[in-house]
Structures are given as structure tokens and as C-alpha cells.
Amino acid sequence: MKKKMLAGAALLSAMALAFTGCAGNTSPGASGEPGDGGDVIKVGFAQTGSESGWRSANTESMKEAFSKENGFDLVFNAADNKQEAQIAAVRSFINQGVDAIVIAPITVDGWDDVLKEAQDAQIPVILEDRTVSASEDLYASWVGLDFEQEGRTAGEWVKENFDGKGANLVILEGTTGSSAALDRATGFGEAIKGTDINVLDSQTGDFTRDGGKKVMEGYLQKYGKDIDVLFAHNDDMGLGALDAIKAAGLTPGKDIQIVTIDAVKDGMTALANGEFNFIVECNPLLGEKAAELVKDVLAGKTVEKKTIVEDQSFTQEQAKEVLDSRPY
Ligand code: AHR
């Protein structure tokens with residue numbers, strides 16, 4: 001499908017509307033509803049990489065939603081967590097003349113130029129998962145999670161269980177410069193502010209198991225048994241840390257209590273087994289909403305600028321109850 005075949009003046013005025021931001025966007029579209037009339041919508045999806053269990057579930061959700069059966073021709077790229085590679089993938093989608101581009105941005109900064117290029121090429125961009133610092137006028141819509149609230153919920157649990165005890169905390173941060181890591185750090189920091197919880201260290205484990213394990217090994221060498229609690233920005237880093245804690249002869253969940261974010265199957269299993277103590281969910285099933293947004297934007301409908309998907313949180317008891325029914 002190539003809806004960019006619209007006559008010059010009509011197209012220009014439609015596009016001017018499409019990228020004016022604020023309350024939402026309309027887009028090209030003019031003749032009919034892309035994807036609803038048998039036309040195939042070609043979509044380029046620039047994924048971050050495959051750093052975590054959450055990411056695998058998110059990729060699966062996107063591939064399922066942007067399927068042939070649903071009227072899409074998906075061009076998929078995973079950038080191995082490298083910002084330059086992800087920007088190059090978006091440029092390649094522009095050169096291929098796709099109908100729309102979806103991006104799960106690795107970092108918040110650095111998007112202005114390529115988003116402007118997409119806009120100049122009259123290709124609407126939808127963001128999923130993470131946010132960017134670029135002007136809202138440069139993309140049509142975003143669907144994702146409230147990362148700051150996720151961090152705050154994790155921090156409130158730590159405050160409730162450790163304030164007043166002079167506890168020592170270490171943190172495993174997500175990918176440096178990603179909105180997920182920045183916002184979770186902000187929310188968590190706010191929640192434990194004014195407590196007597198002592199933050200011994202905070203370093204990035206890049207959202208991976210290997211990263212989490214390596215950084216935790218360093219923490220254990222440096223602080224040993226002084227560590228009371230670990231906050232990991234995702235399950236995978238927490239799971240990597242479990243190996244390091246066990247190898248150091250300590251019992252995760254008891255000697256060192258662990259709070260993480262995501263609630264993927266492996267994390268929930270660790271929680272149900274008593275090795276994690278609390279998990280804040282981060283819902284990866286964003287594909288359906290992203291596909292709906294792409295269709296609506298191409299059909300010229302007004303869409304919300306931001307869609308926030310709700311998260312919940314789990315204690316060990318709650319994890320035992322829901323583990324079998326978790327879809328990812
Ligand atoms: O942006 C969402 C985060 O990215 C998830 O919490 C993490 O697991 C993933 O890598």
C-alpha cells in the first residue's frame with residue numbers, strides 16, 4: 001500500500017495536520033482506510049534488541065499484532081541495544097518508503113534529526129514502550145508504561161519494609177540514558193527520600209542477566225554481608241544477581257531481599273520460590289494498541305498523544321496464586 005500517492009495539495013495539508021502535535025494527530029489517509037480495504041500496510045519496527053525476557057514478550061506481541069492476517073507487512077529490526085544501529089534502521093525504513101514506523105527507543109536523547117527526516121518523508125512515527133526527549137510534534141503517538149510510578153511502587157515497598165532499620169541498599173540500573181532507567185530511578189528515589197535507608201551503590205547492568213550478575217559480584221566483593229536489600233530495574237538483572245548471591249554463600253530473599261520490575265515468568269517463579277521478595281509489573285503486551293494506533297493515524301483519525309498501560313505489583317503469596325496463568 002502506498003497512501004503517499006495522494007495528490008500534492010491535499011497531501012500537504014493533510015500532513016501539516018498530521019504533525020502539529022498537542023491534542024493528537026490526524027494523518028494522510030484521504031482515500032479510504034488503510035488496512036481495512038484489503039491494502040497491506042508496510043510498517044518498519046525498530047526494536048531495542050533482545051536484552052531481556054520482557055523484550056522477548058514485547059517483540060512477540062508486536063509481531064503477532066503486525067501480522068499478515070491483520071493487514072501488515074512488517075519489516076523488523078532489533079538493534080542489539082545500540083542507539084546508532086537503531087537510528088540507522090529507522091533511516092533504512094524511510095528509504096524503503098514504509099507507510100509507518102514504530103520505534104521502541106533505546107535512549108531518550110538523539111532522536112530529533114531522524115524523526116524530522118521521517119516527518120519530511122511524510123511517514124508517521126508511533127513510539128512504543130520508552131519515551132524520547134524530542135518534540136512531541138515529531139511523532140504521532142506513544143503507547144507505554146508509567147516507569148516513574150513503577151520505580152515509586154518499588155521504593156514504597158522498600159520504605160515500608162526497611163525504613164527505621166538503617167538498612168543498606170544496592171541498585172542495578174537499566175540501560176544508561178533509557179527512559180525506563182531514568183524514570184524508575186526518579187520514582188524510586190522520591191519514595192525512599194527522608195528514610196534512613198543507605199544507598200551503598202548504584203550501577204548499570206544494562207537490563208541483562210550477565211550485566212546484573214557481574215555488577216552484583218562486584219557489590220558482594222566490596223560490601224559483602226553488609227548488603228540488606230537489592231533493587232534491580234528489571235527481573236533479568238535480578239535473576240543474574242541471584243547467581244552471584246548464591247555463589248557468595250548467601251541466601252537470596254533472606255540474607256539479601258530483592259525487589260525488581262517486569263513480572264516475566266522467570267522473575268515470577270523466583271518470587272513464588274521465595275528468592276525475590278517483591279515485583280512491580282511492566283506490561284510488555286503493547287502490540288495490539290500500537291497496531292491500532294498505526295491504522296488510525298494512517299486513516300486520518302485523531303488519536304491520543306499518550307496511552308499509558310496499567311501495571312500491578314506482586315508479593316510472594318500473590319506470585320504463587322497467579323504464576324500458572326501468566327501469559328509470558
Ligand atoms: O523498557 C522496558 C524495559 O526494557 C524492561 O523493564 C526491561 O526488561 C527491558 O529491557
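Which residues in H7 meet which residues in H8? In this predicted model, the H7 side of the contact is made up of Arg 209, Gly 212, Lys 213, Met 216, Glu 217 and Leu 220. Facing them from H8 are Asp 236, Met 237, Leu 239, Gly 240, Ala 241, Asp 243, Ala 244 and Ile 245. Sorted by class, this contact has seven nonpolar, two polar and five charged residues. As for the helices themselves, H7 covers residues 209-223 and H8 covers residues 235-247. Their axes lie 7 Å apart, and the angle between them is about 45°. An angle from 35 up to 65 degrees counts as oblique, so H7 and H8 are oblique to each other. The hand of this crossing is right-handed.

H8 has another partner in helix H9, which takes in residues 265-272. Here the packing angle is about 50°, and the axes sit 9 Å apart. H8 and H9 are therefore oblique to each other. This time the crossing is left-handed, whereas H7 and H8 cross in a right-handed way. On the H8 side, the contact is built from Asp 235, Leu 239 and Leu 242. On the H9 side, Asp 266, Gly 267 and Ala 270 meet them. That works out as three nonpolar, one polar and two charged residues. Leu 239 turns up here in the contact with H9, and Leu 239 is also among the H8 residues that meet H7.

Next comes the pairing of H2 with helix H10, the latter made of residues 287-298. The two axes come within 8 Å and cross at roughly 40°. H2 and H10 are therefore oblique to each other, and their crossing is right-handed. From H2, the residues involved are Ser 61, Met 62 and Ala 65. They meet Gly 287, Glu 288, Ala 290 and Ala 291 in H10. By class, the H2 and H10 contact splits into four nonpolar, two polar and one charged residue.

So much for the helix pairs; the empty spaces come next. The largest pocket holds about 240 Å³ of space. Its lining consists of 13 residues, and those nearest the centre of the pocket are Thr 131, Trp 142, Asp 183, Lys 306 and Ile 308. Two elements, helix H5 (147-162) and strand E11 (306-308), give two or more residues to this lining. In terms of class, the pocket lining contains six nonpolar, one polar and six charged residues.

How many cavities of 30 Å³ or more does a search of the whole structure find? The search turns up two. The largest cavity has a volume of about 90 Å³. Around this cavity there are 13 lining residues, with Trp 54, Arg 55, Arg 130, Arg 184 and Phe 207 lying nearest its centre. At least two lining residues come from helix H2 (53-65), and at least two from helix H6 (179-192). The cavity lining divides into five nonpolar, two polar and six charged residues. Helix H2 thus appears in two settings, as a supplier of residues to the lining of the largest cavity and as the partner of H10, which H2 meets through Ser 61, Met 62 and Ala 65.

Conventions. Residues numbered from 1 in each chain as written. Predicted model: local features only at pLDDT ≥ 70, side-chain atom pairs only at ≥ 80, totals over all residues. Heavy atoms only, no water. Axes fitted to C-alpha atoms, helices over the stretch in contact; angles between N-to-C directions. Helix = DSSP H or I, 4+ residues; strand = E, 2+ residues; numbered from the N terminus. Parallel < 35°, antiparallel > 145°, perpendicular 65-115°, else oblique. Left-handed = near helix turned anticlockwise from the far one by under 90°. Contact = heavy atoms within 4.5 Å. Nonpolar A, V, L, I, M, F, W, Y, C, P; charged D, E, K, R; others polar. 1 Å grid on protein atoms, 1.4 Å probe; cavity = no way out; pocket = protein on both sides within 12 Å on 5 of 7 lines; lining within 4 Å. Points joined across faces, edges and corners; volume = space filled by probe spheres on them.
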